[in-house]
Amino acid sequence: MKIKNWIGIGIIISLIFATVYGFSQEEITQLHDSTFKTHIRPPAQFAHDQHNDTAQIADCSTCHHVYEHGKKGEGESSEGQPCSQCHFNQDDNALELINIYHKQCRGCHLEKKAGPVLCGGCHQRK
Amino acid sequence: MHLIYNFVAGPLLWLTVIVFFGGSIYRILSILKMAHQKDIAVYAYFNPFYALRSVFHWIIPFANESMKKHPLLTIVSFAFHICLFLAPLFLFAHIILIKQSCNISWGYIPDIVADIMTVMVILSCIFFLIRRIRIPEIHYLSTRSDYIVLAIVAAPFITGFLAYHQWVAYDIISILHILSGEIMLMCIPFTKLNHALFFFLTRGYMGSEFGKVRHSRDW
């Protein structure tokens, strides 16, 4: 009963947010990479800006990195380039792309001991 | 939550690996040694052909008299054991976790197939439970540990099913899922579940004994 109430409140709040933001700008609230031909899980919850605020990640290149000669480029970043552009070839297994998402997201959560680490924490069924 | 997760997915997982593999190897070696001590002739007269012949008659549905006499039990048992092995070994979520931590991977089955297999395991466990309670001669032979072992096997599948569908208390159920899976694995060498290790040994021994020594069938 309690859970259902919270879900209800959550849906109403997100609807309000969705309409407010929908008119102002395109805000990332979840990730659903279209590189995957079929999706076997619900989209990963990820309110881009809000997440990085609460997690206090100021440096965009923490995620949108650039590598040069196997070393992470300092002061450079690759935002605007989808992860799949560098991490997925046509003949690649979907597992590879899933893996780098999980390594980055889940890896940091494990390291910081904050943020979801279980499948359903990110891939929430509504 | 992170603290508990890190514990069950960290030290406890290592303990499970050690207890499961170490325990299994230990149990197999000690039974082989015991066979030698109790009956020197076991190895001298061991015959792989008759051993395998017996294994085949007990691993194929309805290939022996006992199975023909109990068709329902046979069907449920085979469905149960097949699903019990295939679902966890080829579940996508397990594959991606292994890929992440060991960078090895193998094929996986669609989630819907794994879901159906999980339900079959749970229903089979309920069938085994009812059978144990309702059939007097089985009920009479059952000890408390038989029920506990059944619960130990069912638990990872029930919690896994609930976690996958995220119906209730997702975080707690997921932790319980990992924990119950570890308990099941650690119990394999040291409970009745050891038939997973000994099936081929006992069947092989019986087959060899009946075929080579007594010139008769054991199925």
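A disulfide is counted when two cysteine sulfur atoms lie within 2.5 Å of each other. This structure is a predicted model, and a search through all its chains turns up zero disulfides.

Why do A:Cys60 and A:Cys105 form no such bond? For A:Cys60, the closest cysteine sulfur belongs to A:Cys63 and sits 9.0 Å away, so a bond is out of reach. A:Cys105 has its closest cysteine sulfur in A:Cys122, and at 6.3 Å that is too far as well. Here are the two cysteines side by side:

| Cysteine | Closest cysteine sulfur | Distance | Relative accessible area |
|---|---|---|---|
| A:Cys60 | A:Cys63 | 9.0 Å | 42%, partly exposed |
| A:Cys105 | A:Cys122 | 6.3 Å | 30%, partly exposed |

Now for the place where the chains meet. Chain A brings 23 residues to the contact and chain B brings 21 residues. Together they bury about 2000 Å², with carbon and sulfur atoms giving 59% of that area. On the chain A side, A:Leu95, A:Leu118 and A:Arg125 lose the most area to chain B, together making up 32% of what that side buries.

What about charges and polar groups? There are two salt bridges between chain A and chain B. One of them joins A:Glu96 to B:Lys99, whose closest N and O atoms are 2.9 Å apart. The two chains also share 11 residue pairs in polar contact, counting pairs with both residues at pLDDT 80 or more.

Which element of chain A gives the most to the side that touches chain B? That's helix 4, with nine residues. Helix 4 spans 94–112, and helix 5 (119–122) also gives two or more residues. By type, the chain A side splits into nine nonpolar, eight polar and six charged residues.

How values were computed: Residues numbered from 1 in each chain as written. Chains lettered and ligands numbered in written order. Predicted model: local features only at pLDDT ≥ 70, side-chain atom pairs only at ≥ 80, totals over all residues. Heavy atoms only, no water. Buried < 20%, exposed > 50% of the residue type's maximum accessible area, 1.4 Å probe, protein only. Contact = heavy atoms within 4.5 Å. Buried area = accessible area lost by both parts, 1.4 Å probe. Salt bridge = Lys/Arg side-chain N within 4 Å of Asp/Glu carboxyl O. Polar contact = N/O pair within 3.5 Å; in protein donor to acceptor, adjacent residues only side chain to side chain. Helix = DSSP H or I, 4+ residues; strand = E, 2+ residues; numbered from the N terminus. Nonpolar A, V, L, I, M, F, W, Y, C, P; charged D, E, K, R; others polar.
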